[in-house]
Amino acid sequence: MFSVYVLRSRSTSRLYTGSTSDLSRRLAEHDAGLSRSTKNRGPWELVYREDFPSRPQAVRRERELKTGKGREELDRLIGTGGDR
């Protein structure tokens, strides 16, 4: 199982979207500052998650959520009000 996830920084309120096969490990890495993309912006909270049976499906959805239409969809799903 593969997960697409969206995190919100508790310090900056910015969002981060990623995908992984081990969500609990990945969340711990983000909180520990081990991810270059999210370092120094934590702590993080999980605000959205979708599960997929294969990595290609998860990566496809991750890319989709990072586009304009995908960000609009996220705004509706998690109520960000357009904050990035």
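## Close-up views of a predicted model

Buried residues account for 38% of the 84 residues in the protein chain. The model is predicted.

**View 1. The whole chain holds three helices and three strands.** Along the sequence, the elements of the protein chain run β-β-α-β-α-α. The C-alpha atoms fill a box of roughly 30 × 30 × 15 Å along the principal axes. The protein chain has a radius of gyration of 12 Å, which agrees with the value near 12 Å for a compact globule of 84 residues. Contacts also reach across the sequence. Of those between residues at least 6 apart, 57% join residues at least 24 apart.

**View 2. The largest nonpolar core has nine residues in all.** Its members are V4, V6, L15, Y48, F52, A58, L65, L74 and I78. Strands β1 and β3 each give two or more residues to this core, and so do helices α2 and α3 (68–78). A second core, separate from this one, has five residues, among them Y5, L7, L23 and W44. In soluble globular proteins, nonpolar side chains tend to be buried together. A58 belongs to the largest core. Beyond its neighbours within four places in sequence, A58 is in contact with F2, V4, S19 and F52.

**View 3. One aromatic pair is present in the structure.** Its partners are Y5 and Y16, and the pair is tilted. The centres are 6.3 Å apart, with 45° between the planes. Y5 sits in strand β1 (residues 2–9) and Y16 in strand β2 (residues 15–20), so the pair ties together parts that are eleven residues apart in sequence. Both tyrosines, Y5 and Y16, are buried.

**View 4. S3 is a residue of strand β1.** Is S3 buried or exposed? S3 has 4% relative accessibility, which is under the 20% cut-off, so S3 counts as buried. Its side chain makes a polar contact with the side chain of R49, at 3.4 Å. Leaving out neighbours within four places in sequence, S3 is in contact with G18, S19, T20, L23, R49, E50 and D51.

**View 5. T17 lies in strand β2.** At 9% relative accessibility, T17 counts as buried. Which residues does T17 touch, not counting those up to four places away in sequence? They are V4, Y5, V6, E62, L65, K66 and L74. Of these, V4, V6, L65 and L74 are members of the largest nonpolar core.

**View 6. Helix α1 (residues 23–31) has buried residues L23, R26, E29 and H30.** Seen down the axis of α1, its buried residues fall within an arc of 120°, so they line one face of the helix. What do the buried residues of α1 pack against? They pack against strands β1, β2 and β3 (44–52). L23 is also part of the second nonpolar core, and L23 is one of the contacts of S3. Just after α1 comes G33, with a positive phi of about 75°.

**View 7. E64 is placed in helix α2 (residues 55–65).** E64 has a relative accessible area of 39% and is partly exposed. Apart from neighbours within four places in sequence, E64 is in contact with G70 and E73. How many residues separate E64 and G18 in sequence? The two are 46 residues apart in sequence, and 11 Å apart in space from C-alpha to C-alpha.

**View 8. Helix α3 has G70, L74 and I78 as its buried residues.** They cover an arc of only 50° around the axis, which puts them on the same side of α3. The cover over these buried residues includes β1, β2, β3 and α2. L74 and I78 are also members of the largest nonpolar core. Which exposed residues does the opposite face of α3 carry? The face turned away from the buried side carries K69 and R76. After α3 comes G79, whose phi is positive, near 65°.

Definitions and conventions:
Residues are numbered from 1 along each chain as its sequence is written. This is a predicted model: local features need pLDDT of at least 70, side-chain atom pairs count only at pLDDT 80 or more; totals for chains, interfaces and linings use all residues. Side-chain values use heavy atoms; hydrogens and water are left out. Rings of Phe, Tyr and Trp (its six-membered ring) pair if their centres lie within 6.5 Å; planes under 30 degrees apart count as stacked, over 60 as edge-to-face and the rest as tilted. Helices (H or I, at least four residues) and strands (E, at least two) are DSSP runs, numbered from the N terminus. Buried means under 20% relative accessible area, exposed over 50%, partly exposed in between (1.4 Å probe, protein chains only). A polar contact is a pair of N or O atoms within 3.5 Å; within protein, one must be able to donate a hydrogen and the other to accept it, and residues adjacent in sequence count only if both atoms are side-chain atoms. Contact means heavy atoms within 4.5 Å. The arc is that of the directions from the helix axis to the C-beta atoms. A nonpolar core is a set of buried Ala, Val, Leu, Ile, Met, Phe, Trp, Tyr and Cys residues joined through side-chain atoms within 4.5 Å. The radius of gyration is taken over C-alpha atoms; the globule rule is 2.2 Å times the number of residues to the power 0.38.
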